[in-house]
Amino acid sequence: MDTAVLPLEEDFLYNQLAEKLEKNILDGVLKTGDKLLSVRALSKEQGVSLSTAFKAYTQLEIKGLVEARPKSGYYVSFRKRNFQAPDNSVQFEKVPEEASVDDIVSMVYQSLNAEGLIRLSIAVPSNELLPVSKLSKTMAEAIRESNDSCLSYEATQGNLRLRKQIARYAFNWGGNITEKDVVTTQGCMEALVFCLKAVTEPGDTVAIETPTYFGIFSVLQSLGLKVLEIPTHPETGISIEYLAGAINKVDVKACLFVTNFTNPMGCILPDDRKKQLVELLASKDIPLIEDDIYGELYFGKARPRTCKSFDKKGLVLLCSSVSKSLAPGYRVGWCIPGKFTEKVISLKRMHTVSSANPTQAAVGLFIETGRFDLHMRNLRRELYKQCLLYTRSIAEHFPESTKISQPKGGCVLWIELDQKIDAFKLFQAGMKHNISISPGHIFSTDARFKNCIRISFGMPITAEVEHAIKILGILAKDMLKA
Ligand SMILES: Cc1ncc(COP(=O)(O)O)c(C=O)c1O
């Protein structure tokens with residue numbers, strides 16, 4: 001189903017009013033159970049029409065922040081008390097490790113295609129949130145427009161239209177690049193592989209954040225690289241202070257960080273910290289591979305910047321794809337490898353020859369025609385709403401001691417359970433009820449996150465999903481009692 005193309009609602013009065021009220025609720029100024037002004041009183045107080053006041057409340061109701069009680073009015077329904085950030089910012093000493101979490105990853109992901117499974121483990125917006133038919137039409141249009149119906153090999157560097165659009169779009173994250181700086185790839189994963197190969201040799205050590213996306217461990221392991229895990233603050237990202245100490249002690253050949261809305265924690269490295277990180281690594285000539293795959297999924301007003309935008313020496317290799325925003329199956333990704341561009345093109349020539357032509361052409365045209373912009377506006381709004389709805393449901397059904405991350409973008413929640421609960425056992429118990437989650441074990445080389453789980457909110461919440469969350473909550477409570 002296509003997401004309907006909505007006009008720019010942000011500009012409407014009721015949206016501004018809803019935002020103001022939302023902030024008061026999120027900041028705890030308005031507390032759970034507080035009675036809100038009547039629609040009439042709100043309209044009078046704010047000098048807006050009755051319909052504007054009503055729409056503002058409806059907006060908040062959709063997000064699960066307020067509830068209308070029959071014959072009584074509107075009340076705040078958001079449960080702020082459970083929203084403490086997980087405390088894993090404690091400093092620790094580590095040495096480079098073999099990057100292996102493969103066995104447990106395959107156990108978690110082998111049965112994902114099972115019929116009827118509620119997949120809370122997949123970090124991707126579900127197809128209901130994607131512009132399915134518009135994208136298919138764009139693909140047909142792109143093939144028609146192409147001189148050779150997209151049948152020939154594409155130039156190794158990648159489809160020109162797509163590269164131009166990526167370069168144009170870079171403006172939003174503070175980039176100043178041209179199509180010559182972009183190399184297209186099969187998804188972000190291939191971009192990471194080429195960039196790692198361009199800057200390391202087998203046996204080298206790469207610094208990564210912890211917890212980190214398990215696919216990064218697989219890539220590092222397959223390239224014979226060691227990992228040095230850098231502690232990450234749940235809100236402000238990796239500890240640059242820790243990294244500074246680590247690179248003085250360990251021969252770190254490259255860093256690989258997700259800087260905007262990490263997977264699984266959802267944290268974001270603030271702009272001044274991004275600049276500080278780029279300067280620190282530049283002072284030691286250490287390349288930074290920046291995975292920005294979630295950068296477009298921001299809930300705030302503007303897209304966050306990237307480390308690449310502060311890069312003066314060409315040492316930042318930015319990697320991304322449309323897998324989290326438009327079409328994971330299209331396998332359209334890219335990198336902007338700075339001074340390693342020629343090396344990356346040559347690696348791509350050796351390994352892939354060229355990327356799939358029709359999907360690159362389709363994504364290029366989709367961005368060029370403005371369809372991507374419209375889709376992203378809707379997707380961001382929808383994901384934010386889902387984030388709040390999932391959070392509310394988890395807070396309601398899980399044990400009281402549960403801590404839930406508060407991401408400002410992306411599509412996953414990181415949940416810290418009581419130390420007594422083993423997340424892998426919870427995963428196994430959930431599978432018996434046809435519910436899949438990602439246990440914390442797969443996001444680190446050791447068992448540090450064994451009481452944490454990752455839940456994706458990429459699938460719109462339905463009665464079935466709500467029920468699944470309730471069951472997980474019951475299972476977690478049972479484990480606490482055991
Ligand atoms: C941080 C991160 N990087 C890379 C990928 C892989 O992206 P792609 O599907 O475009 O290869 C993922 C997918 O979950 C991810 O979360």
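**Figure 1. The whole chain, with 15 helices and 17 strands in its secondary structure.** Helices (H or I, at least four residues) and strands (E, at least two) are DSSP runs, numbered from the N terminus. The radius of gyration is 23 Å, close to the 23 Å from the globule rule for 482 residues, so the chain is as compact as a globular protein of that length. That radius is taken over C-alpha atoms, and the rule is 2.2 Å times the number of residues to the power 0.38. This is a predicted model: local features need pLDDT of at least 70 and side-chain atom pairs count only at pLDDT 80 or more, while totals for chains, interfaces and linings use all residues. Residues are numbered from 1 along each chain as its sequence is written, and side-chain values use heavy atoms, with hydrogens and water left out. Along its principal axes, the C-alpha trace spans about 70 × 55 × 45 Å.

**Figure 2. Three domains in the protein chain.** Domain 1 covers 2–76, domain 2 is put together from 102–128 + 378–481, and domain 3 takes in 132–373; these bounds come from an automatic or database domain assignment. Between the C-alpha centres of domain 1 and domain 2 there are 29 Å.

**Figure 3. Inside and outside of the chain.** Of the 482 residues, 59% count as buried, meaning under 20% relative accessible area (1.4 Å probe, protein chains only). About 20,300 Å² is exposed by the chain, and carbon and sulfur atoms supply 54% of that. Take the contacts (heavy atoms within 4.5 Å) between residues at least 6 apart in sequence: 77% of them join residues at least 24 apart.

**Figure 4. Close-up of Ser-121, in the loop between β4 (118–119) and α5 (132–145).** Is this serine buried or exposed? Ser-121 is buried, because its relative accessible area is 1%. Leaving aside residues up to four places away in sequence, Ser-121 touches Tyr-109 and Leu-112, then Ser-436, Ile-437 and Ser-438, plus Arg-454.

**Figure 5. Close-up of Phe-257 in strand β9 (residues 252–258).** Phe-257 has a relative accessibility of 1%, so this residue counts as buried too. What does the Phe-257 side of the story look like in terms of contacts? Not counting residues up to four places away in sequence, Phe-257 touches, among others, Ala-207, Ile-208, Glu-209, Ile-230, Ile-238, Leu-243 and Leu-277. Leu-288, Ile-289, Glu-290 and Asp-291 are also on its contact list. Phe-257 and Leu-288 sit 31 residues apart in sequence, with 7.5 Å from C-alpha to C-alpha.

Key: Buried means under 20% relative accessible area, exposed over 50%, partly exposed in between (1.4 Å probe, protein chains only). Accessible areas come from the Shrake-Rupley method with a 1.4 Å probe; for residues, only the protein chains shown count as cover.
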